[in-house]
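Good morning, and thank you for coming. I should like to guide you through two parts of one chain, a strand with its partners and a pair of helices.

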Amino acid sequence: MSLDPATVRRIAKLARIRVDEAQVEALRTDLNSILGWIEQLNEVDVDGVEPLTGGTQMALRLREDVVNDGGIADAVLGNAPDRNGEYFAVPKVVE
Amino acid sequence: MTLTDLTLAEARDGLRAKRFSAVELTEAYLAAIEALNPKLNAYVLVTGEGARAQAAAADAALARGDARALTGIPLAIKDLFCTEGVRTTAGSRILEPFVPPYESTVTANLLRDGAIFLGKANMDEFAMGSSNMTSAFGPVTSPWTRRGDNRPLVPGGSSGGSAAAVSARIALGATATDTGGSIRQPASFCGIAGIKPTYGRCSRWGIVAFASSLDQAGPVARTVEDAAILLGSMSGFDAKDSTSADVAVPDFAAACRRGVKGLRIGVPREYRSEGMPAEIEALWQQGLGWLREQGAEIVDVSLPHTKYGLATYYIVAPAEASSNLARYDGVRFGARTAGEDLVALYENTRAEGFGAEVKRRVLIGTYVLSAGYYDAYYLKAQKVRALILKDFTDVFAKVDALVTPTAPSAAFAQGEKMDDPIKMYLNDVFTVPANMSGIPGLSVPAGLDAQGLPLGLQVLGRPFDEETVFAVGAALERAAGFTALPGIRAGA
């Protein structure tokens, strides 16, 4: 399976990474080379194999559904590139 | 002998016997960093003031008889670990302004045990790389060079700054992380020890996430025993990481003295990769010979899905990365590049903030998770991953540990293997299966190649049986008697 330029642009859009028109062809070559190499997995027979989803064979723990932290707005906002009071600030979204 | 020549275990004994102070030891390291870091670029941030304060506190603790596991021991911290009030970049432009308001669990454990932090170690951007060439803060130069050839070499990656700092003796030990080989491959390239413990052994809380089902913290250190001491402090259950294992932390350092008599050591035939240099094959055989002489039984075994490990990794890791790195949006923390609307702000921020390798992996991950392709790529990879784990489970019913080469080559020059991403990915062919299956893996310096560069052997063990891994690693280390030193080092 080989990516075309339109697909590269669509993936970049989904990933929210601006890709200039001049970069599309180089990216397409790189991504196709990696995806082509991954195709070797088609040789493996996985019929009836249950997928392994995580790094651990242990069941995930549940915790009590209680508030255990909070009230630290200044710490949460301390690294914000732009803030307005206790809110993160972004360009206008709704007219 | 200068203070920077001591191993961690020796320095700890010296501090407890009051032969020198934590302040003296720390000043020796800070002076060595000042002299050598401009050549190596192993640290992206040196925290001299904080280190001096911690050293003074360590001396006070020693004076009142409160000697903990690492009291007064100066360490480098990979810049993937969040450190409270100290900038943490993950080697990325996008986190250049980020100062965490919290401390990662692993570094908090080290501080609890009295460690001193010299600074933050350079690394491949978001731990994505095998050369430390992808750092936004410039490459790390290995303290090693080939005989009669001054071209700068890579220290390996992604924990390249950590490994270079320990090897050049500008840190007594360092934290590192390993998603596909990022502890073991740089340890091998730099002639030091490094262990990726079992997945779940060290808490991932406060470590910048790359691929959450694969990421695991561990130490790099000058000796296997030093690595065992550090891992003992880094490990332990943490309620803040849902994948943290609630199991006891054994005395890893004691396990180094166990010996290998009666152990069954497996040799996976699939690790004889095509084109592997003859000297690596010879060193591997030598290592097996050493273990046989010390009373171990060597057994040929098969891990039939080994060759699919890397391709599986390059689906699973980018998929998880594309999801984890979605948080870098220029809104809540990190760098921002303006845009005319919110979507343009996201797109510009991520285009400016991420380097080429990170973008490649986020795009691959986005693609393999996108509608219509999920089953063909991600689900398929998870099934192959299950087969890789089954290979290990079957083999560990018959043997106690496996011994393999750590990497298919010695260190390469800066700029080599940069033209083709897949060539770079092949560095991790022997290390990735341990991440896919969650098992522990240790790299031990075992010899030099014909050009005078270090080569490591890897010991793999059963989940949560790091003790046997340390026993085998220490036995290899004793037999190898690896004493070679890099040209660039403190005290040289």
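Please note that this is a predicted model. Let us begin with the bridges of one strand. In β11(B), L457(B) is the bridge partner of P405(B). L457(B) is also the bridge partner of V444(B).

Which strands do these partners belong to? P405(B) lies in strand β9 of chain B, residues 401–405, which pairs with β11(B) in the antiparallel sense over 5 bridges. V444(B) falls within strand β10, residues 441–448 of chain B, and 7 bridges join β10(B) to β11(B), again in an antiparallel arrangement. β10(B) and β11(B) form a hairpin with 5 residues between them. In that turn, G452(B) has a positive phi of about 85°.

Is β11(B) buried or exposed? The strand covers residues 454–461, and 8 of its 8 residues are buried. P454(B), G456(B), Q458(B) and L460(B) point one way, while L455(B), L457(B), V459(B) and G461(B) point the other way. Residues on both faces are buried.

We turn now to the helices. Two packed helices are described by the angle between their axes and the distance between the axes. For α7(B), residues 224–234, and α16(B), residues 466–480, the angle is about 155° and the axes are 9 Å apart. An angle over 145 degrees counts as roughly antiparallel, and therefore α7(B) and α16(B) are roughly antiparallel to each other.

Which residues meet? V224(B), E225(B) and A228(B) in α7(B) meet F470(B), G473(B), A474(B) and E477(B) in α16(B). The residues of this contact divide into 4 nonpolar, 1 polar and 2 charged.

Terms used: Residues numbered from 1 in each chain as written. Chains lettered and ligands numbered in written order. Predicted model: local features only at pLDDT ≥ 70, side-chain atom pairs only at ≥ 80, totals over all residues. Buried ≥ 20, exposed ≤ 12 C-beta atoms within 10 Å, placed from the backbone. Helix = DSSP H or I, 4+ residues; strand = E, 2+ residues; numbered from the N terminus. Pairing = 2+ DSSP bridges. Axes fitted to C-alpha atoms, helices over the stretch in contact; angles between N-to-C directions. Parallel < 35°, antiparallel > 145°, perpendicular 65-115°, else oblique. Contact = placed C-beta atoms within 7 Å. Nonpolar A, V, L, I, M, F, W, Y, C, P; charged D, E, K, R; others polar.
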